[in-house]
Amino acid sequence: MRDGQLVAWDQVTGAWVVVGDDLLTFLGGGIDAVRDAERAFGDPYRKEAGGGPMGLPLEAASLRCFALWEEHMINGARGMVERFGSPGIRRFARSFERVTGRVPPPMRPRPNFYRDPQFYMGNHRAMHADGATVAWPSFASVLDFECEIGMIIARSVTDCDTTEGRAAIGGFVILNDWSARDTQWDDTRRGTFGGVVKAKTFANSMSAVVVTADEVLPRWRELTGQVTVNGEIWAKSQTKSPMYDLGAVVKYAAHGEHLRPGDVLSSGTIPTLCGLELGRFPARGDEVRLELDLATGEPVTLTNRIEG
């Protein structure tokens with residue numbers, strides 16, 4: 001969206017063209033809406049925008065945060081122990097893996113992770129736009145980023161199958177699920193509801209650019225992403241080997257409840273694209289840039305500066 005108008009990228013001419021005024025209506029139109037937009041590119045009287053999308057592409061109606069990669073879950077647990085565990089806990093974890101060749105059971109996902117796609121309800125009202133400054137939460141001392149795929153629901157579904165679940169996804173964005181890691185460590189070990197309460201509800205970010213489902217769904221397991229902090233590349237990774245298909249993700253979210261246009265689902269962190277897995281974290285004043293090749297050609301980006 002730009003200045004209240006929906007704009008689409010014409011790859012042939014390199015221009016952003018006005019194709020409507022409502023994102024969810026457009027995404028709900030599926031491939032027919034995409035074809036209409038492509039025909040509009042050839043209109044000699046088309047209206048071009050002064051630039052690409054700006055701000056949030058939509059006000060998310062809800063936010064369900066999944067975890068699709070076992071690798072991230074295990075590496076994240078290792079990172080938690082290495083950063084916050086006592087010397088005794090760290091020694092035990094290292095020795096257990098060295099001797100047995102296995103991850104200590106407390107550092108593996110719990111059984112339900114292998115049964116159904118797991119999620120928690122995030123704070124959809126804490127969403128920041130591309131380019132916005134993210135405030136450092138007053139209760140935290142260790143702030144982290146998480147590069148994730150965001151799925152925008154464009155068609156209502158309830159108790160659907162996996163095929164209907166995939167068809168309900170209208171578009172994709174980059175999401176940054178900002179995390180307070182010291183708070184997460186404390187709540188994971190001592191909290192009533194685990195480590196996704198205050199540690200996860202203070203801020204998220206969403207890219208301004210939305211890529212339609214027809215372009216992403218066929219290749220969503222083959223995407224490449226990277227994280228750059230203050231111009232330095234911290235990590236590169238791929239979306240290969242998720243635990244579940246996106247159709248199964250929507251199916252589980254819609255099991256016994258309604259998903260409606262504007263609801264947003266996140267994939268969970270793409271392996272290694274968070275500081276917890278890297279053993280390094282951004283500081284106050286840092287600029288964090290996430291990049292993912294959701295669209296063919298120019299990658300989609302999401303950049304935020306952390307409050308100094």
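Let's start at one small spot: strands β6 and β19 pair in the parallel sense, over two bridges. Within this pairing, Thr133 stands opposite Arg305 in β19. Keep in mind that the model you're looking at is predicted.

Now step back to see the sheet that holds this pair. Five strands form an open sheet with mixed pairing, in the order β6-β19-β18-β14-β15. The edges are taken by β6 (133-134) and β15 (232-238), and each has a single partner strand, so one side of each is left without a neighbour in the sheet.

Stay with β19, which covers residues 300-306, and find Asn304 in it. Is Asn304 buried or exposed? It's buried, with a relative accessible area of 1%; the cut-off for calling a residue buried is under 20%. The side chain of Asn304 has polar company, too. A polar atom of that side chain lies 3.0 Å from the backbone oxygen of Ala129, and the Asn304 side chain also reaches the backbone oxygen of Ala132, at 2.9 Å. Leaving aside residues up to four places away in sequence, Asn304 touches a whole list of others, including His128, Asp130, Val134, Ser205, Asp286 and Glu287. Trp178 is also one of the residues Asn304 touches, and that's our way into the next stop.

Trp178 belongs to the largest nonpolar core, a group of 51 residues. Phe172, Trp178, Leu246, Val250 and Leu294 are the ones that touch the most other members. Which helix gives this core its largest share? That's α8 (residues 246-253), with five residues. In soluble globular proteins, nonpolar side chains tend to be buried together. There's also a second, separate core of 19 residues, with Leu23, Ala60, Cys65 and Ile152 among them.

Helix α8 deserves a look of its own. It's mostly covered, with six of its eight residues buried: Leu246, Gly247, Ala248, Val249, Val250 and Ala253. An α-helix has 3.6 residues a turn, so residues three or four places apart point the same way. At the N-terminal end of α8, Asp245 acts as a cap, placing a side-chain oxygen 2.9 Å from the backbone nitrogen of Gly247.

Next, find strand β17 (residues 263-274). Of its 12 residues, 11 are buried, so the strand is largely enclosed by the rest of the structure. Which way do its partners run? Strand β3 (residues 62-66) runs parallel to β17 and is joined to it by four bridges; here Arg64 has Leu265 as its bridge partner. Strand β8 (residues 146-153) runs antiparallel to β17, with five bridges between them, and there Glu146 has Cys274 as its bridge partner.

Finally, zoom out to the whole protein. How many helices and strands does it have? There are nine helices and 19 strands. The radius of gyration is 20 Å, close to the 19 Å that the globule rule gives for 308 residues, so the protein is as compact as a globular protein of that length. Taken along the principal axes, its C-alpha atoms fill a box of roughly 70 × 45 × 30 Å. Buried residues account for 52% of the 308. If you take contacts between residues at least 6 apart in sequence, 76% of them join residues at least 24 apart. As for the outside, the accessible surface comes to about 14200 Å², and 49% of that belongs to carbon and sulfur atoms.

Technical notes: Residues numbered from 1 in each chain as written. Predicted model: local features only at pLDDT ≥ 70, side-chain atom pairs only at ≥ 80, totals over all residues. Heavy atoms only, no water. Core = buried A, V, L, I, M, F, W, Y, C linked by side-chain atoms within 4.5 Å. Buried < 20%, exposed > 50% of the residue type's maximum accessible area, 1.4 Å probe, protein only. Pairing = 2+ DSSP bridges. Rg over C-alpha atoms; globule rule 2.2 N^0.38 Å. Contact = heavy atoms within 4.5 Å. Areas by Shrake-Rupley, 256 points an atom, 1.4 Å probe, with all protein chains shown as cover. Polar contact = N/O pair within 3.5 Å; in protein donor to acceptor, adjacent residues only side chain to side chain.
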